[in-house]
Amino acid sequence: MISTTMMATITVVLSSTVVNVALPDIMGVFGIGQDQVQWMSTGFLAAMTGSMLLNAWLNEAIGVRATFVASLALFSAASVAGGLAPNEDVLTFARVGQGIAAGIVQPLAMIMIFRVFPNERGRAMGIYGIAVVLAPALGPTLGGWLTDNLSWRWVFYMGLPTSVAGMLLGSVFLPGRLGNGKPMRFDFFGLLLLTLFLVVSLYAVANGQRAGWDSNLIVGLSSLGVLLMLAFIVWELKNAQPLVNLAVFSVSRYAAATLVALIFGAGIFGSSYLVPLFVQTVQGYTPTLAGELLIPGGLILGLVFPIAGRLTDRFPAYIMVGTGLFVFGLSNMLMYDVNADTGFWRMALLVLLGRVGLGVMMPALNAGALSVLPPGMLAQGTGTINFVRQLGGAFGVSLLAATTEVRFAFHADTLAVTQTAGNGTTLELVSRVAGLDSSWGVPVTQASAGALNYLGQMVAAQAQSQAYGDGFALVAIVFWVGILPAMWMRPAR
């Protein structure tokens, strides 16, 4: 039973990051920019965030077995649709379908662990945690190999065998209903408000650079997003059976932990999106090499997790969380000046350093958040902090994509202004490139045009490199600012 749910969970967790290494190829095939391709990641995370809240109700309404099998069926259908997608719109909807299935399936493994291992939950959770951590670490490597040797479309097909096997095994081994068979009341209106908030807000962020941040469309959508969020909060506070129990935020130390969880989600998903794009678009890595770059960091997470779990029992949670935030922020700040000449192992070690920070803080964050809640709020607290972490991931990817777009335009304009007849370095470069072309028999007029085109490519490459550096620096600053709410997790004296 546990192996069945874990296999399915690993499949959907792997799918959250495996597509990232194929994004540059997808951009080239469909002729789209980063502001559009980021929906492959953002749409998945946003859909997973909302659908996680459906899990408990579906288990009661149709049973664990039916929920599990139907979710994997949706995941399989979405995977096939993604692999066959004729355009970016179908591909985005396919990723949303995968995200919905992933959000429903993931909590099922936790439910089964608590049911099957009443006395050895810690050990079972440790094994489960390592497996879930290794899945996104090894997934990009496999995805990169498939992209290089077959096609990016095979990245979507890679989860089909385990999904189909999971459906067959789940039909045999999973129970029907765990409760009395009477579905609890579900807050569908709250889910509608939350879904509209996510769609409207993320769309505004994704299209801000293209439409103009001060345009009527973006300002209107941003205002609507704020109103939808306020409406969601008011509705949840008035609802007797809310979708998200906001009462848990009345515990100040828990509220501080959820703010850190929001930052944590933005960092881990945002960096997993940004690093593969940087090394492929700026450094010219193949998808396989981009995936291999992430392996050391993923493996170190598997080693750090159990050690950090033991240290969490010996040191206060806020110290472990603060240390992890600082280390992850440091790794991203060290990436600020990376460029096309930065070596593979330097990038790999910087990613590894960041994963050490995440591994140090994650066990302490969950333990520190839940330990301050009264027993009656534990279930709501667990679901809420997971929801907030996924929410941070969705907005983190979207905001980082928007940041790099804005900073690319800024650096491109700044560098272009300096390329004048008074710039000796520029004139020397143009002269040398034109002379090289002429020595190969290229006519003078074409050689001059080719030299100017080369100069434009160099300016664009430098601007792109600086834009990604700004994105890494932004992640570092946000994590370091997150140390403040981490200190609020400190017990009152």
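**Helix packing in an all-helical chain**

Helix 11 and helix 12 cross with a left-handed sense. This comes from a predicted model, and the pair is a handy place to start. Helix 11 covers residues 188–211 and helix 12 covers residues 216–238, and their axes come within 8 Å of each other at a crossing angle of roughly 160°. An angle over 145 degrees counts as roughly antiparallel, so helix 11 runs roughly antiparallel to helix 12. Where the two helices touch, the residues sort into 18 nonpolar, 6 polar and 1 charged.

Gly 225 gives a close-up of this pair. It sits in helix 12, and its relative accessibility is 2%. The cut-off for buried is under 20%, so Gly 225 counts as buried. Setting aside residues up to four places away in sequence, Gly 225 touches Phe 197, Val 200 and Ser 201. Leu 193 lies 32 residues from Gly 225 in sequence, with 9.8 Å between the two C-alpha atoms.

Zooming out, the chain has 21 helices and 0 strands. Of its 493 residues, 52% are buried. Among contacts with a separation of 6 or more, 84% link residues 24 or more positions apart.

Helix 13 (residues 252–281) is worth a look on its own. With 30 residues at 1.5 Å a residue, helix 13 should span 44 Å, and the distance of 43 Å between its end C-alpha atoms therefore agrees with that expectation. Helix 13 is also mostly covered, as 22 of its 30 residues are buried.

Helix 17 is one of the partners of helix 13: the two axes come within 10 Å and cross at roughly 160°. That angle makes helix 13 roughly antiparallel to helix 17, and the crossing is left-handed. On the helix 13 side, the residues involved include Tyr 254, Phe 264, Ile 268, Ser 271, Ser 272 and Phe 278, and they meet a set in helix 17 that includes Met 347, Arg 355, Met 361, Met 362 and Leu 370. By class, the contact breaks down into 17 nonpolar, 2 polar and 1 charged residues.

Helix 17 (residues 344–371) also packs against helix 16 (residues 317–333), with axes that come within 7 Å and cross at roughly 155°. Helix 16 is thus roughly antiparallel to helix 17. This crossing, too, is left-handed. Helix 16 contributes Met 320, Gly 324, Phe 328 and Ser 331, among others, while the helix 17 residues include Gly 354, Arg 355, Gly 357, Ala 364 and Gly 368. The contact of helix 16 with helix 17 comes to 14 nonpolar, 5 polar and 1 charged residues. Arg 355 of helix 17 turns up in the contact with helix 16 and also in the one with helix 13.

Further along the chain, Tyr 468 belongs to helix 20 (residues 444–481). With a relative accessible area of 2%, Tyr 468 is buried. Apart from neighbours within four places in sequence, Tyr 468 is in contact with Gln 34, Leu 274, Leu 277, Phe 278, Thr 281, Val 282 and Thr 404. Phe 278 from that list is also among the helix 13 residues that meet helix 17. The C-alpha atom of Leu 400, 68 residues away from Tyr 468 along the chain, is 9.0 Å from that of Tyr 468.

How values were computed. Residues numbered from 1 in each chain as written. Predicted model: local features only at pLDDT ≥ 70, side-chain atom pairs only at ≥ 80, totals over all residues. Heavy atoms only, no water. Helix = DSSP H or I, 4+ residues; strand = E, 2+ residues; numbered from the N terminus. Expected span 1.5 Å × (residues − 1). Buried < 20%, exposed > 50% of the residue type's maximum accessible area, 1.4 Å probe, protein only. Axes fitted to C-alpha atoms, helices over the stretch in contact; angles between N-to-C directions. Parallel < 35°, antiparallel > 145°, perpendicular 65-115°, else oblique. Left-handed = near helix turned anticlockwise from the far one by under 90°. Nonpolar A, V, L, I, M, F, W, Y, C, P; charged D, E, K, R; others polar. Contact = heavy atoms within 4.5 Å.
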